[in-house]
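Welcome! Take a moment to turn the model around before reading on, and then follow along from its interior to its strands and rings.

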Amino acid sequence: MNEEYDVIVLGTGLTECILSGIMSVNGKKVLHMDRNSYYGGDSASITPLEDLYKRFNIPGSPSETMGRGRDWNVDLIPKFLMANGQLVKMLMYTEVTRYLDFKVIEGSFVYKGGKIYKVPSTEAEALSSSLMGLFEKRRFKKFLSFVASFDENDPKTLEGVDPKRTTMLEVYKKFDLGQDVVDFTGHALALYRTDEYLHQPCLEAINRIKLYSESLARYGKSPYLYPLYGLGELPQGFARLSAIYGGTYMLNKPIEELVTENGKIVGVKSEGEVARCKQLICDPSYVPNSVTKLGQVIRVICILSHPIKNTNDANSCQIIIPQNQVNRKSDIYVCMISYAHNVAAQGKYIAIVSTTVETNDPEGEIKPALELLEPIEQKFVSVSDIYAPTDLGTESQIFISRTYDPTTHFETTCNDIKDIYKRMTASEFDFEEMKRKKTDIFGEDQ
């Protein structure tokens, strides 16, 4: 242990494991430790099912109808991958895909007036959707073709819209889109959690809708992917990448002290020994005095013996309940996966509901989502705090990740990874650069 490292990483959440892999690929000497005996930290996948009951203090053990405990692999924080998104690029460029198998999520749905509808995201789907009336469909089709051809560097495609000044609200007005269409476009296509984006320049929202459409175009059923055996496979894949490049992993290591000199990290003390380092990456739980609480997330894991109603008996899907539909400030999300992904016993489904807490009755807030899932065989409820670093790490060289938010995709997590990378290295994260480093070492044919 008494060695000197370039970077020590504490915690094995996905953010920490990806950064540890990236730093190892960059030629840094990395030591990665976790006080837990398993990978994934807060975003672990729990197996067997008995362990999930213990973790949530549910008395007794799972009933026989739940099948074998070892057939279950339940994510504590459910998220899907956008097929054309940043995490898929990180997986492909680092070749971590070789350790994983993915399935396409079968459908993406949106809640309106107490019912759920398939999200129309292509011009053909827009024309057949029951979400809109005939004239609305035509206007929405025009809007989608405008977004598809939109290129901020080509004035001919802008139709008078200034990407950096025109607000998204003004763009919607330009195409005369009604409130319901604005709701599902902003929340189910652009995947915003609140309506604040409406008053900001439209470029980011248009790019988000493009990402959704391009991700959908890759596989056809939905824009989302999910790894077989659960999300716990992701941090382990990046841990393997780090190990290939000389990274050292130690699980079950109690962290006694972060050793600093003149306000700067110089090492980590564990079991009486100090490992020295120049930089430290960690999750908020290791540095409670350097983070601020932004709010809370409620997540409810529900075990079902049936697919969700009105989803064409999909084995997997996402449902977004836009804030305006249920008089809230933020959206409610439902992620559903099943035995088809090797995460549940045969014939069983796992639906996870999540949202930002807004009242003193978090469970009451997600009632509309739980009603969509009835009957529920067993549920596991957690309310957790969301933290963000107050220390950017420029002086201390301690770089702290953000807590996972309630969204059902990894784009915000990837933004956090890129942000930490930039603060650590003073250079932008470059996907192409990672690709080059990989081919330099492994050769083109890997």
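## A walk through the model

Let us begin with one residue, Phe140: beyond its neighbours within four places in sequence, Phe140 is in contact with Pro120, Ala126, Met132, Leu177, Val181, Phe184, Thr185 and Leu189. Keep in mind as you look that this model is predicted.

Phe140 belongs to a wider setting. The largest nonpolar core holds 101 residues, and Phe140 is listed with Leu87, Phe143, Met168 and Phe238 as those with the most contacts inside it. Helix α1, residues 14-25, supplies the largest share of this core, with seven residues. A second core, separate from that one, has 25 residues, including Cys317, Val334, Ala351 and Ile366. As a general background, nonpolar side chains in soluble globular proteins tend to be buried together.

Phe140 also leads us to the aromatic rings. Ring pairs join it with Phe143, Phe146, Phe150, Tyr172, Phe175 and Phe184 in a cluster. Across the whole structure, a search finds 15 aromatic pairs. One of them is formed by Tyr53 and Phe380, which meet edge-to-face at 5.3 Å centre to centre, with 80° between the planes. Why does this pair tie together parts that are 327 residues apart in sequence? Tyr53 lies in helix α2 (residues 49-55) while Phe380 lies in strand β18, so the pair links those parts. Tyr53 and Phe380 are both buried. Another edge-to-face pair is that of Tyr421 and Phe429, 5.2 Å centre to centre and with 85° between the planes; both of these residues are buried too.

Rings can have charged company as well. The charged end of Arg35 sits over the ring of Tyr286, 3.8 Å from its centre, and Arg208 lies over the face of Tyr192, at 3.9 Å from the ring centre.

Now for the strands. Strand β18, where we found Phe380, spans residues 378-389 and pairs with strand β14 (residues 291-304) in the antiparallel sense over 12 bridges. Within this pairing, Val297 has Ser384 of β18 as its bridge partner. Strand β14 also pairs with β17 (residues 349-356), again antiparallel, over eight bridges, and here Leu304 stands opposite Tyr349.

Elsewhere, three strands form an open sheet in the order β5-β9-β6, with antiparallel pairing. Its edge strands are β5 (81-82) and β6 (102-104), each pairing on one side only. In the pairing of β5 with β9, which covers two bridges, Met82 stands opposite Tyr224.

Finally, visit Asp6 in strand β1, residues 4-10. Its side chain reaches the backbone nitrogen of Lys29 at 2.7 Å.

Definitions and conventions
Residues numbered from 1 in each chain as written. Predicted model: local features only at pLDDT ≥ 70, side-chain atom pairs only at ≥ 80, totals over all residues. Heavy atoms only, no water. Helix = DSSP H or I, 4+ residues; strand = E, 2+ residues; numbered from the N terminus. Polar contact = N/O pair within 3.5 Å; in protein donor to acceptor, adjacent residues only side chain to side chain. Core = buried A, V, L, I, M, F, W, Y, C linked by side-chain atoms within 4.5 Å. Buried < 20%, exposed > 50% of the residue type's maximum accessible area, 1.4 Å probe, protein only. Contact = heavy atoms within 4.5 Å. Pairing = 2+ DSSP bridges. Phe/Tyr/Trp six-rings, centres within 6.5 Å; stacked < 30°, edge-to-face > 60°. Lys NZ or Arg CZ within 6 Å of the ring centre and 35° of its normal.
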